[in-house]
Structures are given as structure tokens and as C-alpha cells.
Amino acid sequence: MSYLDNGSTLRAMFRLMPPMRHDADPTRSEVVTHIRENLRCELGRAIRAFDSMRHLKSAVLVYDRIHRQWRGCDWVPAEEVDKVSMLLAMITEMKRDLSSLRSELRKVKGEVGLLRRRRGGRRTDEVADSEEEPESEPEQQQAAPPEEKAADGEDWFKAMRDALAEGDKASPSSAPLP
């Protein structure tokens with residue numbers, strides 16, 4: 001949020017800006033000139049303010065693709081007929097965006113389905129391989145007592161000490177070398 005010298009924000013100052021044209025040359029741009037006059041600043045600061053306000057995250061200034069003009073985010077035409085036509089144009093634009101997003105989503109769903117099918121074939125191979133190889137983890141799981149048997153905290157610690165003591169006796173490889 002960009003605060004001005006008087007304490008207000010750029011949004012508060014330019015949200016109702018009427019539609020204006022922008023040119024690549026800042027000296028011929030109506031938008032930059034309007035910002036420069038309202039902020040009473042030099043050209044460089046006006047350009048930075050314009051770049052900040054037109055960014056999609058702040059969206060203080062909105063680009064109208066149909067008329068190729070920039071306007072304030074809350075600006076509406078004075079006449080009722082123009083308001084309705086502007087709203088219809090916005091709805092049409094949103095419908096176009098929605099249909100493009102739907103088609104993108106369909107493509108991504110197809111790719112995900114394809115990846116799942118490929119992964120599914122590999123998964124059956126991995127499962128067959130893992131069934132052939134025995135694992136040594138169940139022995140370790142049997143050595144540790146389950147938490148359900150130890151209801152009290154003290155009993156649990158006692159059971160853990162016993163399990164650790166059994167583990168030391170059961171594994172001859174843990175004995176120190178002479």
C-alpha cells in the first residue's frame with residue numbers, strides 16, 4: 001500500500017479515474033499526465049505510481065481491452081445505458097476467461113489421468129517385487145511394546161526400559177570389540 005504525503009493511498013485517489021489512453025512514450029500518455037497532475041510530482045514518480053497501480057495484485061487501474069483504455073477500478077459511466085453495456089462487456093469477458101480456464105482444466109485432468117495410468121502399471125510391478133523380498137522391520141516392531149498396553153506413564157517407561165534391555169541381550173553384534 002502506497003501512502004501519499006497527505007496520508008491517503010493511491011487507491012483512494014485514483015479508484016474513480018475516468019478512462020484514459022496510455023502511450024509507450026510517457027510524455028504523450030494521458031494516464032501518466034493525469035497521475036502527474038494529481039500527485040503534483042515529476043515524471044519518474046508518476047511512471048512508478050502508474051506501474052504500481054496497474055499491477056494485477058493491486059488492480060487500482062484496470063485495462064479495458066475493448067476500448068484500449070485504463071480506468072479506475074471503481075469507475076462506472078454516468079449514463080445508465082453505458083453502465084449496463086459496461087457490465088455486459090465485463091460479464092462476457094469473464095465468460096471467456098471461464099471457458100479458457102475450463103479448457104485448461106480439462107487438459108490438466110487428462111494429463112493427470114495419463115500419469116496415473118502410467119504410474120499404476122509401475123505400481124503393480126513394484127508390489128510384485130516387494131512381495132518377493134522379505135523385510136526385517138517386523139522384528140523391530142515386535143521388540144517395542146505397544147502404547148495401548150501401557151496405560152500409565154510410569155508403566156510405559158518401565159516397559160520401554162525392559163524392551164531396550166531385551167534388545168541389548170538379543171543382538172550379539174552390539175557387543176564392544178576387544
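The paragraphs below lead through a strand hairpin, a cluster of aromatic rings and a nonpolar surface patch in this predicted model.

A convenient place to begin is the hairpin. Strand E1, which covers residues 61-64, is joined to E2 by 4 bridges, and the two strands run antiparallel. The register can be followed by reading across the pairing: Leu61 stands opposite Gly72 in E2, while Asp64 stands opposite Gln69 in E2. Between E1 and E2 there are 4 residues, and within this turn Arg68 has a positive phi of about 55°.

From the hairpin the reader can turn to the aromatic side chains. A pair of aromatic rings is described by the distance of the centres and the angle of the planes, and 2 aromatic pairs are found in the structure. In one of them, Phe50 and Trp70 meet edge-to-face, with 5.3 Å from centre to centre and 85° between the planes. Because Phe50 belongs to helix H3 (residues 43-54) and Trp70 to strand E2 (residues 69-72), this pair ties together parts that are 20 residues apart in sequence. Both partners, Phe50 and Trp70, are buried.

Tyr63 and Trp70 also form an aromatic pair, this one tilted, with 5.1 Å centre to centre and 55° between the planes. The angle explains the label, since planes under 30 degrees apart count as stacked, those over 60 as edge-to-face and the rest as tilted. How do Tyr63 and Trp70 stand with respect to burial? Trp70 has a relative accessible area of 11% and is therefore buried, the limit for that class being under 20%, whereas Tyr63, at 36% relative accessibility, counts as partly exposed. Taken together, the ring pairs link Phe50, Tyr63 and Trp70 into a cluster; Trp70 takes part both in the edge-to-face pair with Phe50 and in the tilted pair with Tyr63.

The last feature lies on the surface, where Val84, Leu88 and Ile91 form a nonpolar patch whose accessible area together is about 260 Å². Of these residues, Val84 lies in helix H4, which spans residues 80-132. Why can Val84 be called partly exposed? Its relative accessible area is 41%, and the term applies because this class lies between the buried limit of under 20% and the exposed limit of over 50%. Val84 also satisfies the accessibility condition for a patch, because that condition asks for over 30% relative accessible area and Val84 has 41%.

Note on methods. Residues are numbered from 1 along each chain as its sequence is written. This is a predicted model: local features need pLDDT of at least 70, side-chain atom pairs count only at pLDDT 80 or more; totals for chains, interfaces and linings use all residues. Side-chain values use heavy atoms; hydrogens and water are left out. Patches are made of residues with over 30% relative accessible area and no salt bridge: like charges are joined within 9 Å, nonpolar side chains (Val, Leu, Ile, Met, Phe, Trp, Tyr) within 5 Å. Accessible areas come from the Shrake-Rupley method with a 1.4 Å probe; for residues, only the protein chains shown count as cover. A salt bridge is a side-chain nitrogen of Lys or Arg within 4 Å of a carboxyl oxygen of Asp or Glu. Buried means under 20% relative accessible area, exposed over 50%, partly exposed in between (1.4 Å probe, protein chains only). Rings of Phe, Tyr and Trp (its six-membered ring) pair if their centres lie within 6.5 Å; planes under 30 degrees apart count as stacked, over 60 as edge-to-face and the rest as tilted. Two strands pair if DSSP finds at least two bridges between them.
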